[in-house]
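Visitor: Please pick one part of this model and take me through it closely. Then show me what lies around it.

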Amino acid sequence: MTQKWAPETVVVETARPTREHDAPLNPPVVLSSTFIGTASLESGGIQYGRYGNPTWEPLEQALAELEGTALPGLVFASGLAAVSAALELVAAGGTVIMPQHCYLGALTGAQDSAAVGRFELVTVDIADTEAVNTAVSAAAEQHAGTARGVLLWLESPTNPMLEVADLPALIAHAKGLGVITVVDNTFATPLVQQPLAFGADVVVHSVTKYLAGHSDVVLGAAITSDAQLREALHHHRSMKGAIAGPFETWLALRGLRTLALRVERSQANALELAERLSEYPGIEVRFPGLEQDPGHERAAAQMTGFGAILCIVLPNGQSAECVAEQVELWTPATSLGGVESLVERRRRHESEPETVPEGLLRLSVGIEHIDDLWSDLRQALDTALTGDTAGSS
Ligand SMILES: *Cc1c(COP(=O)(O)O)cnc(C)c1O
């Protein structure tokens with residue numbers, strides 16, 4: 001799809017009310033549980049607030065434009081509600097293949113479904129293209145003849161290990177075997193990575209993170225260029241009921257207006273921090289923007305930037321915990337993608353996979369001044385690693 005405007009312009013320009021005298025510049029929030037009419041449910045229209053809300057449409061249009069499809073996106077109550085709807089696309093008794101490291105809620109939800117026999121779950125090292133393709137081929141053979149028998153779940157870079165999947169190669173292989181591909185594009189945002197252009201069937205987002213961007217909304221979205229899959233996702237939303245609140249949707253569109261600026265600044269901050277941190281003795285830095293990172297070449301080939309999540313690995317859980325306690329500007333908290341920088345020791349969660357190092361800290365880099373972010377982090381590292389409470393180095 002050729003776009004008239006660049007994505008930086010689209011986020012500002014799109015999804016406005018029709019230009020006419022005294023029309024509002026911004027779409028309104030519509031608070032109504034019911035919509036007037038006498039026709040049958042099947043005849044279309046909104047009818048009832050679980051089936052639609054005019055407040056959803058501008059955001060759904062904007063997300064479709066940004067991900068590169070003419071079909072409107074679908075907003076959901078949360079990122080995980082969109083994830084759950086996408087996981088439901090696989091046939092009963094089918095197989096879902098997922099990265100061993102990916103968003104913990106998605107992994108837990110899939111494990112729960114597998115535990116009750118909804119589908120079989122296979123986890124893979126998503127950076128190992130050959131291993132993933134082998135697993136996909138085996139599952140495709142097992143479910144040959146079953147429509148939507150296999151679903152490949154992709155996330156890149158992964159949470160929290162920041163492994164980079166070869167999206168074009170994995171999607172092409174899966175597509176050739178009729179396997180559905182879903183990409184969680186939350187970390188990258190559509191400004192940095194466009195999975196539908198690689199042939200992915202569905203993209204999901206936690207709108208909570210970069211798209212809304214201000215840590216004041218929980219919201220999700222699914223976007224697809226396949227009309228049948230969209231219908232299935234839409235049906236799921238209407239019938240399972242995980243619908244977006246109008247206020248949240250409105251706030252998310254308001255946040256989206258500055259997405260390009262926020263992503264630009266936080267990516268630049270993350271790259272600079274990663275470089276400074278890689279000079280710091282006694283810690284390991286994971287960030288696909290660093291040339292020495294195993295995912296660097298792949299990320300450079302399929303992304304326009306490297307995102308703004310980076311991880312550092314301290315010698316143990318205790319020193320990592322100490323950093324999270326010593327920071328003054330950075331906020332110790334879960335979540336990511338807001339204007340403010342957050343730091344979290346992931347293994348504080350008992351359900352985090354044991355392959356994630358105890359000393360791993362996930363940093364969500366915000367838009368503050370780089371020197372403030374650096375000096376605060378450095379004093380916390382100095383304290384944690386040398387016990388030097390004066391914070392010099
Ligand atoms: C946060 C997140 C989710 C879940 O989204 P919620 O809005 O918290 O439900 C899914 N995937 C990724 C990568 C996330 O970071």
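**One helix and its surroundings**

Guide: Start with helix α2, residues 56–67. α2 has 12 residues and reaches 17 Å from its first C-alpha to its last. That is close to the 16 Å expected at 1.5 Å a residue (the expected span is 1.5 Å times one less than the number of residues). Helices here are DSSP runs of H or I with at least four residues, strands are E runs of at least two, and both are numbered from the N terminus.

A word on the source: this is a predicted model, where local features need pLDDT of at least 70 and side-chain atom pairs count only at pLDDT 80 or more, while totals for chains, interfaces and linings use all residues. Residues are numbered from 1 along each chain as its sequence is written, and side-chain values use heavy atoms, with hydrogens and water left out.

Is α2 enclosed or open? Of its 12 residues, 10 are buried, so α2 is largely enclosed by the rest of the structure (buried is under 20% relative accessible area, exposed over 50%, partly exposed in between, with a 1.4 Å probe and protein chains only). The buried set begins with W56, P58, L59 and E60. It continues with A62, L63 and A64, and it ends with E65, L66 and E67. Three glutamates, E60, E65 and E67, are thus among the buried residues of α2. Right after the helix comes G68, with a positive phi near 85 degrees.

What do the buried residues of α2 pack against? Three helices are on the list: α1 (7–13), α7 and α8 (246–256). So are three strands: β1 (74–76), β6 (202–206) and β7 (220–224). Contact here means heavy atoms within 4.5 Å.

Take α7 next. This helix covers residues 227–240 and includes S238. S238 counts as buried, because its relative accessibility is 5%. Leaving out residues up to four places away in sequence, S238 touches R50 and Y51. S335 is elsewhere: its C-alpha is 27 Å from that of S238, and the two are 97 residues apart along the chain.

H236 also sits in α7. Its relative accessibility is 16%, so H236 counts as buried too. With the same sequence neighbours left out, H236 touches S84, A85, E88 and G241.

Now the strands. β1, β7 and β6 belong to an open sheet of seven strands, in the order β1-β7-β6-β5-β4-β2-β3. Its pairing is mixed (two strands pair if DSSP finds at least two bridges between them). β1 and β3 (120–124) stand at the edges, each with a single partner, so one side of each has no neighbour in the sheet. Neighbouring strands are turned by 20 degrees against each other on average, direction ignored.

β1 takes β7 as an antiparallel partner, over three bridges. Within that pair, L74 stands opposite A222 of β7.

Other helices meet this sheet. α5 (residues 129–142) lies across β2 (95–99), β3 and β4 (150–155). It runs at about 170 degrees to β2 (angles run from 0 to 180 degrees between N-to-C directions, with axes fitted to C-alpha atoms, for helices over the stretch in contact). α6 (residues 167–176) packs on the sheet as well, touching β4 and β5 (180–184). The direction of α6 makes about 175 degrees with that of β4.
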